[in-house]
Amino acid sequence: MDIEIIAVGGYNEVGRNMTAVRCGKEIVIFDMGLRLDQVMIHEDADIENMHSLDLIEMKAIPDDTIMNAVEGSVKAIVCSHGHLDHIGAIPKLAHRYNAPIISTPYTTELIRQQIAGEQKFGVNNKLFALKAGQRYTISPHLTLEFVRAQHSIIDTVFPVLHTPRGAVVYANDFKLDRTPVLGEPPDFARLRQIGKEGVIALITESVNIADKGRCPSERVARDLVRDTITSYEDDKSAIFVSTFSSHISRVKTIAECAHEIGRKPVLLGRSMERYSSAAEQLKLVGFPESLSMFGNRRTVDRTLRRIMKTGKDKFLPIVTGHQGETGAILTRIVMGDTPYKLEKGDKVLFSAKVIPNPMNYGQRYLVEARAKMAGVRIFDELHVSGHAYKEDHYEFLHLLNPQHVIPSHGDVGMTGEYAKFAEEIGYTLGNDLHLMRNGKSILIK
């Protein structure tokens, strides 16, 4: 059986991830992601109403027109987790394929919401929720298995495609967190077993390959957040915390710390409400009973007015806006666009890193500068990454012992760095190690 790996998106950049694996005449697509910074550059981009071809032109979603030249039929679309750079293009592209969309329960719920908001295309693909540890028979020759992983969003898995020639493992994105705040550690025993059974190809992220050592556990971030928040137990000033809306473990930590110091945790922002309420409904997280959440702009402003009136020391708002995004809650507060007035001694905690692109750096700088002008105290870097570092990748390769390695999810600097690392271990570029670019494919011999 021929096995061909087709790099559709995410091999020239971080974002818009999409990889197709052709086994004989059957094709399985992994991920259909959005590249967020490309959308932000076009500020008036109302994605829900845009045509896929325009978004492809903008380099915001994968250019899947190359799939027209691939012989065979798509049997499944598989998503590894619920971040937008992995599921954000589903409303624009999935309807072109007569195939079910398979993902974990939480990811499936986020995909359902994405499809519901779509204005341009009708996406009628069957959604199938598969839990970590379960299998799905795609065809007599192909079986999909979900192996438990950890990342900065809950319910992340390593999708493993079992073929007659061995397993194809798709590892975008992961960290080897042995002490996670939510969920269980990655299933090392199963990964080791799959490695023994035989892995023909590993497609793996390369985002943090340049970082030495191991990626710190989410417990480390929990301690950083707790140390900062609890040291202001008797403080009367405001404490605002901004983090990734999708980072449910972190949101839970912040809410628990607020509860600990006698403040009511309040989630503010549409995405905050969306991700957390979905996680709560699926019983994947338990928040303190005192927590409330508001997404609607008018309700958010009403809540901020109430906080000013009742007393800032009674609440701890957890808000969107850590990248300085226009229209996000923190940005609006800092720019004086809400009933809340920042005062000297108020504190803003960033439990997130700036996603490295010039626009984010500029916007975040502006938000911090404006906040400091009002006498606000800034705390940043209360964060750990959700992506594997070099030694994690070393362990991962030794667990799986793949015959072929394809670094993905990164620009040429990242995938090139991974290639350098893999060569040190004994792989050979062009032989069993393959550097790919969007639109290219490789036949696994």
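## Ser249 and its surroundings

Ser249 is placed in helix α8, which covers residues 248–260. The model described here is a predicted one. With a relative accessible area of 7%, Ser249 is buried, because it falls under the 20% cut-off.

Leaving aside residues up to four places away in sequence, Ser249 touches Ile154, Val181, Leu182 and Glu218. Glu218 also appears among the residues closest to the centre of the largest cavity, which is described further below.

## Aromatic pairs

The count of aromatic pairs comes to eight. One of them joins Phe30 and Tyr170: the ring centres are 4.9 Å apart and the planes meet at 15 degrees, so the pair is stacked. Phe30 belongs to strand β3 (residues 26–30) and Tyr170 to strand β10 (residues 166–171), so this pair ties together parts that are 140 residues apart in sequence. Phe30 is buried, with a relative accessible area of 0%, and Tyr170 likewise counts as buried at 0% relative accessibility.

Tyr418 and Phe421 form an edge-to-face pair, with 5.2 Å from centre to centre and 75 degrees between the planes. Both residues lie in helix α14 (residues 412–425); because they are three residues apart, about one helical turn separates them. Tyr418 and Phe421 are buried. Elsewhere, Phe158, Phe174 and Phe396 form one aromatic cluster.

## Charges over rings

The charged end of Arg274 sits over the ring of Tyr275, at 5.0 Å from the ring centre. Lys347 lies over the face of Tyr232, and here the distance to the ring centre is 4.8 Å.

## Internal cavities

How many cavities of 30 Å³ or more does a search of the whole structure find? The search finds two. The largest has a volume of about 60 Å³. It is lined by 13 residues, of which His151, Lys175, Asp177, Glu218 and His247 are the closest to its centre. By class, this lining divides into three nonpolar, seven polar and three charged residues.

The second largest cavity has a volume of about 40 Å³. Its lining consists of Gly82, Leu84, Ile87, Leu110, Gln113, Gln114, Arg274 and Tyr275. Arg274 and Tyr275 are thus found in this lining as well as in the charge-over-ring arrangement described above. Helices α3 (84–87), α5 (105–117) and α9 (270–281) each supply at least two lining residues, and α5 gives the most, with three. The lining of this second cavity has four nonpolar, three polar and one charged residues.

Key
Residues numbered from 1 in each chain as written. Predicted model: local features only at pLDDT ≥ 70, side-chain atom pairs only at ≥ 80, totals over all residues. Heavy atoms only, no water. Helix = DSSP H or I, 4+ residues; strand = E, 2+ residues; numbered from the N terminus. Buried < 20%, exposed > 50% of the residue type's maximum accessible area, 1.4 Å probe, protein only. Contact = heavy atoms within 4.5 Å. Phe/Tyr/Trp six-rings, centres within 6.5 Å; stacked < 30°, edge-to-face > 60°. Lys NZ or Arg CZ within 6 Å of the ring centre and 35° of its normal. 1 Å grid on protein atoms, 1.4 Å probe; cavity = no way out; pocket = protein on both sides within 12 Å on 5 of 7 lines; lining within 4 Å. Points joined across faces, edges and corners; volume = space filled by probe spheres on them. Nonpolar A, V, L, I, M, F, W, Y, C, P; charged D, E, K, R; others polar.
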